[in-house]
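Reader: Hi! I'm new to this one and would love a friendly walk through it. Could you put it up for me?

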Amino acid sequence: MKFYLQLVCFAMAAVLLSCTGDVPASEPDFPFDVYLVMYNANNGVGSMEADDVKPGQSTVVAENQFVRDGYDFVSWNTKADGSGDAYYPGDKLTPNNHMYLYAQWTLSPASSMHEGHFYVDLGLPSGTLWAANNIGAEHPEQVGNLYTFDATIAAQEWGGKWRMPSQEEVDELLNAELCEWTLTMQNGVKGYIVTSKQNGNALFLPHTGYKQGDVYVNTDFCGLYWTQTSLVSDDLRAFCLRFNEDIRESFLNFAAYGFAVRPVWNEIGVE
């Protein structure tokens with residue numbers, strides 16, 4: 001009788017989870033002599049067989065076989081939004097129940113590089129080409145370094161034609177006729193995917209927070225990125241790109257704060 005009640009409770013829980021979107025609507029038949037480690041494409045496509053693991057034993061996390069157009073696989077996670085426990089192919093896993101591993105994806109970098117750094121062509125009227133990640137970051141989700149205002153940072157750090165965007169170029173990125181901004185979680189990091197309405201290419205801009213002295217503030221609340229445009233009448237302030245869940249704007253802020261830098265370049269350089 002106890003075994004039957006356990007079976008009924010597990011089936012009811014599976015139905016509830018399928019309604020919340022945490023697992024697929026179609027559940028497999030769960031055996032009770034083994035635990036299933038199931039792989040979820042999480043907006044990707046394809047199929048992968050589940051691993052069956054006897055209680056107390058371990059399995060090796062599988063290589064990804066799913067694909068997602070415009071994205072690269074990063075890792076597996078116990079939560080779809082990347083906020084759970086991360087696992088990588090080849091990791092040893094000892095489950096204590098049936099479990100899902102959700103594929104985690106990052107936007108694929110553009111195929112083009114300049115001075116060793118990937119960039120994305122959004123097809124903007126200005127011809128501005130935006131870097132795929134922040135200075136100091138290796139992936140789009142990483143915040144990278146936070147700097148007090150200096151209009152030459154990008155040129156110093158990356159060289160070539162890389163530079164900080166102007167206020168006008170940030171305003172172009174914010175133009176609703178040119179780009180669509182979508183708030184999302186990417187690999188556990190909150191931020192915006194900025195998708196071009198001109199050619200469909202996209203950037204990910206993570207929430208960065210800011211640095212005040214040696215203290216990091218609001219790291220999960222907002223994104224703050226310097227432009228190269230300072231206030232002519234007041235060298236203590238400069239314009240930045242500022243966004244959170246409610247606002248997306250070009251904003252005048254104090255140069256002493258530490259903000260992220262997302263470099264740009266174009267073929268004609270800076271006049």
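Author: Happy to! One term to begin with: two strands pair if DSSP finds at least two bridges between them. Helices (H or I, at least four residues) and strands (E, at least two) are DSSP runs, numbered from the N terminus.

Reader: Thanks! And what should I know about the model and its numbering?

Author: This is a predicted model, where local features need pLDDT of at least 70, side-chain atom pairs count only at pLDDT 80 or more, and totals for chains, interfaces and linings use all residues. Residues are numbered from 1 along each chain as its sequence is written, and side-chain values use heavy atoms, with hydrogens and water left out.

Reader: Got it. Which residue in β7 is the bridge partner of N77?

Author: That is Y102. The two strands involved are β4, residues 71–77, and β7, residues 99–107, which pair in the antiparallel sense over 6 bridges.

Reader: And what does N77 stand opposite in β5?

Author: In β5, N77 stands opposite A86. Strand β5 covers residues 86–87 and pairs with β4 over 2 bridges, in the antiparallel sense.

Reader: Cool. Switching topic: in what order do the 4 strands of the open sheet come?

Author: The order is β8-β9-β10-β19, with antiparallel pairing. At the edges stand β8 (113–114) and β19 (264–265); each has a single partner strand, so one side of each is left without a neighbour in the sheet.

Reader: How many bridges join β10 to β19?

Author: There are 2, between antiparallel strands, and β10 is made up of residues 129–131. In one pair, W130 of β10 has V264 of β19 as its bridge partner.

Reader: What about the open sheet with 3 strands, how is that ordered?

Author: That sheet runs β11-β12-β13, and its pairing is antiparallel. Its edges are β11 (179–186) and β13 (202–206), each with a single partner strand, so one side of each is left without a neighbour in the sheet. On average, neighbouring strands here are turned by 25 degrees against each other, direction ignored. For such angles, axes are lines fitted to C-alpha atoms, for helices over the stretch in contact, and angles run from 0 to 180 degrees between N-to-C directions.

Reader: Which residue of β13 does I193 stand opposite?

Author: F204. Strand β12, residues 189–196, is joined to β13 by 5 bridges, and the two run antiparallel.

Reader: Which helix lies across those strands?

Author: Helix α3, residues 167–174, lies across β11, β12 and β13, at about 80 degrees to β11. Contact means heavy atoms within 4.5 Å.

Reader: New topic: how many salt bridges are there?

Author: The count comes to 4, where a salt bridge is a side-chain nitrogen of Lys or Arg within 4 Å of a carboxyl oxygen of Asp or Glu. Side chains of opposite charge can pair when their charged atoms come close.

Reader: Nice. What does E169 form a salt bridge with, and is E169 buried or exposed?

Author: Its partner is R163, with the closest N and O atoms 2.8 Å apart. E169 is buried at 8% relative accessible area, and R163 is buried with 8% too. Buried means under 20% relative accessible area, exposed over 50%, partly exposed in between (1.4 Å probe, protein chains only).

Reader: How far apart are the closest N and O atoms of E249 and R242?

Author: They are 2.2 Å apart, in another salt bridge. E249 is partly exposed at 25%, as is R242 at 23%.

Reader: And what about R237 and D234?

Author: Their side chains meet in a salt bridge, at 3.1 Å from N to O. R237 is partly exposed with 28% relative accessible area, and D234 is partly exposed with 22%.
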